Amino acid sequence: MTQKYNQIDPKDNIIVAIDTLPKNTFIDVAGKTFTLIQDIKQKHKFALHDFAIGDEVIMYGVLVGKVVLSIKQGEAITIENVKHASASFNANQEKFSWTAPDVSKFQNRTFNGFHRVDGSVGTRNYWLVIPLTFCENRNLDVLEGALLDVLGYQTKKDFSVNTQALIEKYNSGATEEELFATNIINSQEEIYKNRLFPNVDGIKFLKHDGGCGGIRQDSETLCHLLAGYITNSNVAGATIFSLGCQNAQIEMLQEAIEARDANFSKPIHYLEQQQSQSERHLIEEAVKHTFIGLTQANKIERKPAPISKLILGLECGGSDGFSGISANPALGYASDLLTASGGTPVLSEFPELNGVEQELINRCEQKEDAEKFADIMKTYAEKAIAVGSGFENNPSPGNIKDGLITDAMKSAGAAKKGGTSPVTSVLDYTEKVVKPGLNLLCTPGNDVESTTGLAGSGCNIIVFTTGLGTPTGNPIAPVLKMSSNTSLSEKMNDLIDINAGTIISGEDTVESMGEKVLEHIIQVANGDINAKADLKGQNDFIPWKRGISL
């Protein structure tokens with residue numbers, strides 16, 4: 001994409017600036033020639049022709065806004081002259097056909113994963129420690145302090161200081177010179193290599209503010225989410241802390257687990273503080289149960305599995321004006337490649353599908369899924385309006401500053417992550433992914449609430465596209481950050497795993513980058529590469545309480 005401006009779809013009547021374009025720049029696009037009447041910032045849009053008040057603004061081939069102040073040809077599209085508008089939709093499906101991409105490069109590809117009894121395969125092998133109520137978060141802090149450093153799982157620091165080495169030298173009679181010569185700094189890589197349990201990738205502590213108070217449905221939803229984490233293929237087992245009197249009872253979690261897996265057999269240990277002799281006894285029991293659980297989890301080794309076992313979460317956040325033309329469509333092509341290989345991409349963030357509902361409805365294989373998606377979207381939109389908001393309030397100040405001025409514009413680009421394949425299933429929040437192929441999962445657009453939901457529904461790896469940058473990660477699913485532009489990749493290299501900015505510079509096409517993305521996913525799933533979010537200990541976990549969150 002070496003040109004300085006681009007018409008993304010032949011139906012578009014606004015053009016995106018690939019580079020900053022000064023006033024009087026000559027434009028030749030879609031059979032029209034004219035000069036810009038003002039400076040156009042990089043990633044922003046300008047008018048292909050004159051617009052009158054009330055005219056529709058089309059981008060990505062869909063309605064993204066309506067004109068509220070007349071716009072001249074070559075003038076910038078702004079929040080002052082265009083307001084959000086999106087196309088109407090219904091559950092009646094139009095004809096849809098799909099031509100799968102060539103997957104010969106990925107034929108018979110495998111990754112080394114952790115095979116579970118239920119037939120799923122994990123990309124990681126974690127032990128979870130979970131509170132059923134926020135009252136138990138302090139006990140998780142105690143357990144975390146007792147286990148992480150000594151077992152070699154500390155990931156929040158770039159290095160650790162081994163004071164114990166000095167103590168041992170001192171007790172053996174070492175001189176001051178010998179003490180100064182003693183190496184006491186261990187790098188993160190050295191800590192990781194010296195784990196007591198090499199087949200266990202970590203112990204994750206899912207602290208949260210739920211489980212009691214609020215409404216009972218919040219606790220029910222929380223238990224279904226936690227059951228999703230426990231049954232996720234990336235998890236070997238769990239230690240559960242219960243206070244005893246909270247709304248989220250142990251039995252509620254057990255029922256949620258059984259609903260997802262009637263033959264559940266992973267080791268899980270329940271500890272109830274109000275039934276314990278003392279806090280000290282509770283912690284002692286928790287440490288011992290967790291340690292023994294880790295010895296069991298360590299017996300599981302990586303073995304080859306087809307890439308059809310990958311359940312890929314599709315996420316975006318901190319989006320910019322390039323997200324919809326580089327990172328998102330490249331991830332969409334990788335999604336199509338995975339679908340054609342028998343795998344399962346999962347597209348979330350329903351507020352960011354506003355305006356493309358009909359296209360997704362048309363792609364649903366089953367009529368009931370089309371109706372379910374339409375119903376969820378309408379209900380979600382109505383609830384947002386009822387509290388004085390609406391999907392039009394979804395774009396953040398950062399989105400707007402970088403060219404995404406309406407929710408429909410943002411959504412049309414965000415939906416590109418889902419590629420072009422048929423939709424095999426529509427899931428509400430916390431529902432488990434069971435069908436291969438593209439799934440739609442209802443979550444908010446909120447980055448962490450959404451990634452939390454993706455892992456809770458079974459995703460064993462997530463790719464997160466961004467144009468502005470984000471440190472978001474997840475406790476159990478590797479989250480690969482993919483930049484829409486090279487500038488971000490260079491500026492935040494410690495956070496970005498994949499750079500799709502080469503599409504903008506012309507070094508890659510959407511298709512070639514999509515193949516690179518899937519290749520990178522396979523290497524991470526294989527354990528050959530760690531997500532940078534994991535290296536930095538970014539374990540973000542925020543359950544959605546089903547209130548309005550955009």
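This passage describes the nonpolar cores, the salt bridges and a surface patch of one structure. The model is predicted.

Nonpolar packing is considered first. In soluble globular proteins, nonpolar side chains tend to be buried together. Here, the largest nonpolar core holds 110 residues. Seven of its members touch the most other members: L128, I230, L253, F350, L353, F373 and M482. A second core lies apart from the largest one and has 19 residues. W127, L147, F205 and F241 are among them.

L253 shows how such contacts are made up. Neighbours within four places in sequence are left aside here. L253 is then in contact with L132, C223, L226, A227, I230, I240 and Y270. One of these partners, I230, is itself listed with L253 among the residues that touch the most other core members.

Charged pairs come next. The structure holds 15 salt bridges. One of them joins the side chains of D141 and K207, with 2.5 Å from N to O. D141 lies in helix α1, which spans residues 137-151. K207 lies in the loop between β14 (202-205) and α5 (216-231). The two residues are 66 apart in sequence, so their salt bridge ties together separate parts of the chain. Both partners are partly exposed: D141 has a relative accessibility of 39%, and K207 has 32%.

Another salt bridge links K536 and D494, at 3.8 Å from N to O. K536 lies in the segment after α17 (532-535). D494 sits in the loop between α14 (486-491) and β24 (498-499). This pair ties together parts that are 42 residues apart in sequence. K536 is partly exposed, at 33% relative accessible area. D494 is also partly exposed, with a value of 44%.

The pair D201 and R195 has a buried setting. The closest N and O atoms of this salt bridge are 4.0 Å apart. D201 has a relative accessibility of 15% and therefore counts as buried, the limit being under 20%. R195, at 12%, counts as buried because its value also falls under 20%.

Nonpolar side chains also appear at the surface. F159, V161 and I185 make a nonpolar surface patch of about 270 Å². I185 belongs to strand β13, which covers residues 185-187. The relative accessible area of I185 is 38%, so this residue is partly exposed. Patch members need over 30% relative accessible area, and I185 meets that limit because its value is 38%.

Note on methods
Residues are numbered from 1 along each chain as its sequence is written. This is a predicted model: local features need pLDDT of at least 70, side-chain atom pairs count only at pLDDT 80 or more; totals for chains, interfaces and linings use all residues. Side-chain values use heavy atoms; hydrogens and water are left out. Patches are made of residues with over 30% relative accessible area and no salt bridge: like charges are joined within 9 Å, nonpolar side chains (Val, Leu, Ile, Met, Phe, Trp, Tyr) within 5 Å. Accessible areas come from the Shrake-Rupley method with a 1.4 Å probe; for residues, only the protein chains shown count as cover. Helices (H or I, at least four residues) and strands (E, at least two) are DSSP runs, numbered from the N terminus. Buried means under 20% relative accessible area, exposed over 50%, partly exposed in between (1.4 Å probe, protein chains only). A nonpolar core is a set of buried Ala, Val, Leu, Ile, Met, Phe, Trp, Tyr and Cys residues joined through side-chain atoms within 4.5 Å. Contact means heavy atoms within 4.5 Å.
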